[in-house]
Amino acid sequence: MTASLATVIPQPAPVLLPIDGEAESFPVRRVYCVGRNYADHAIEMGHDPSREPPFFFQKNPDNLLVGDDFPYPPLSSDVHHEVELVIALRSGGADIPAERALDCVYGYGVGIDFTRRDLQGEAKKLGRPWEIAKAFEHSAPISALMPATRVGHPDKGGIWLMRNGETAQRGDLQQMIWKVPEIIAELSKLFTLAPGDIIMTGTPAGVGPVARGDRITCAVDGVATLVLKVV
Ligand code: MN
């Protein structure tokens, strides 16, 4: 039986990201995130920064925030910023070799993996999943994407976040434990990747709480900048 094009409820809105300087937008399919991918952040969270296999979690596509205002979420009093390089895929597959992984990349951006740290702490203690800490409304503000055809595949350069004019996070893409091609290769062993998938690649040290009224600016130098207000 073929499904009808008519739907019994309104169709969910597509999730679209703007592209720097271009009229077309980037449609999002899935959002993957890498945990603990910078040694100094692993240490600040109380973990061994050795090169264990990367681990992943997900946010929902409609958790992405395109806009200037990040609404402080409910049921937390400890929401942390995590600035991250974002990968946007133009193609995918399963078991992608690292040597061919960069062919799958459409472009890059900068995003924030906002985290309800108090809820994540409880989840870790109880061995529960992380969704309530990670996949809440507007939890992933994201910049316009920069096509790889214009910016290449950045593997070094500053990644930073300022809160109210003061530097909170400052790292370099060279500090990533798992590099972009390796992340794509590892993820594609677990999931079949596809055009429209987004990967948030982990955060350097300096994560910390935000409060309503905060002004946040973050960037991956030479790739993208994102400016936000916490409301
Ligand atoms: Mn993160």
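## Close-up views of the metal site and its surroundings

**View 1. D113 and K134 pair up in a salt bridge, with their closest N and O atoms 2.9 Å apart.** D113 sits in the loop between β9 and β10, while K134 belongs to helix α4 (residues 131-134), so this contact ties together parts that are 21 residues apart in sequence. Keep in mind that what you're looking at is a predicted model. Are these two side chains buried or exposed? D113 has a relative accessible area of 1%, so it goes down as buried. K134 comes out at 2%, so it counts as buried too.

**View 2. The manganese ion is held by E82, E84 and D113.** The donors are OE atoms of E82 and E84 and an OD atom of D113, at 2.1 Å from the metal. Read along the chain, the donors follow the spacing E-x1-E-x28-D. E84 and D113 link distant parts of the chain: E84 is in strand β8 (residues 83-89), whereas D113 is in the loop between β9 (105-112) and β10 (115-116), 29 residues apart. How accessible is E84? Its relative accessibility is 0%, which is why it counts as buried. Another donor, E82, is at 5% and is buried as well. D113, already met in the first view, turns up here again as a metal donor.

**View 3. R117 reaches E82 through a salt bridge.** Here the N to O distance between the two side chains is 2.8 Å. R117 lies in helix α3 (residues 117-126) and E82 in the loop between β7 (79-81) and β8, so the bridge ties together parts that are 35 residues apart in sequence. R117 is buried, with a relative accessible area of 9%. E82 is buried at 5%, and besides pairing with R117 it also gives an OE donor to the manganese ion.

**View 4. D214 meets R163 in another of the salt bridges.** The side chains come to 2.6 Å, N to O. This pair again links distant parts of the chain: D214 is in the loop between β16 (208-209) and β17 (215-220), R163 is in strand β13 (residues 158-163), and 51 residues separate them. Which of the two partners is buried, and which is partly exposed? D214 has 5% relative accessibility and counts as buried, whereas R163, at 29%, counts as partly exposed. Elsewhere, salt bridges that share partners join K59, E82, D113, R117 and K134 into one network. Two members of that network, E82 and D113, are also manganese donors. For the overall tally, the structure holds 9 salt bridges.

**View 5. The largest cavity has E82 and K134 among the residues nearest its centre.** The cavity takes up about 140 Å³, and the count of cavities of 30 Å³ or more comes to 1. Its lining is made of 17 residues, with G35, R36, H41, E82 and K134 nearest the centre. So what kinds of residues line it? They split into 5 nonpolar, 5 polar and 7 charged. Strands β3 (31-35) and β4 (55-59) and helix α3 each put at least two residues into the lining. Helix α3 gives the most, with 3 residues.

**View 6. The largest pocket has R36, D48, S50, E52 and P53 nearest its centre.** Its volume is about 160 Å³, and 15 residues make up the lining. By class, those residues are 8 nonpolar, 4 polar and 3 charged. R36 shows up here and also near the centre of the largest cavity.

**View 7. C104 and C218 go without a disulfide partner.** How many disulfides does the structure hold? The count is 0. The cysteine sulfur closest to that of C104 belongs to C33, but it is 19 Å away, too far for a bond. C218 has C33 as its closest cysteine sulfur as well, at 14 Å, and again that is too far for a bond. C104 is buried, with a relative accessible area of 5%. C218 is buried at 0%.

Note on methods. Residues are numbered from 1 along each chain as its sequence is written. This is a predicted model: local features need pLDDT of at least 70, side-chain atom pairs count only at pLDDT 80 or more; totals for chains, interfaces and linings use all residues. Side-chain values use heavy atoms; hydrogens and water are left out. Donors are N, O and S atoms within 2.8 Å of the metal (3.2 Å for Na, K and Ca); water is not among the atoms, so sites may look incomplete. Helices (H or I, at least four residues) and strands (E, at least two) are DSSP runs, numbered from the N terminus. Buried means under 20% relative accessible area, exposed over 50%, partly exposed in between (1.4 Å probe, protein chains only). A salt bridge is a side-chain nitrogen of Lys or Arg within 4 Å of a carboxyl oxygen of Asp or Glu. A disulfide is a pair of cysteine sulfur atoms within 2.5 Å. On a 1 Å grid over the protein atoms alone, a cavity is a set of points where a 1.4 Å probe fits but cannot get out, and a pocket is an open set with protein on both sides within 12 Å along at least five of seven lines; lining residues have an atom within 4 Å of a point. Grid points are joined across faces, edges and corners, and a volume is the space filled by probe spheres set on the points. Ala, Val, Leu, Ile, Met, Phe, Trp, Tyr, Cys and Pro count as nonpolar, Asp, Glu, Lys and Arg as charged, and the others, Gly among them, as polar.
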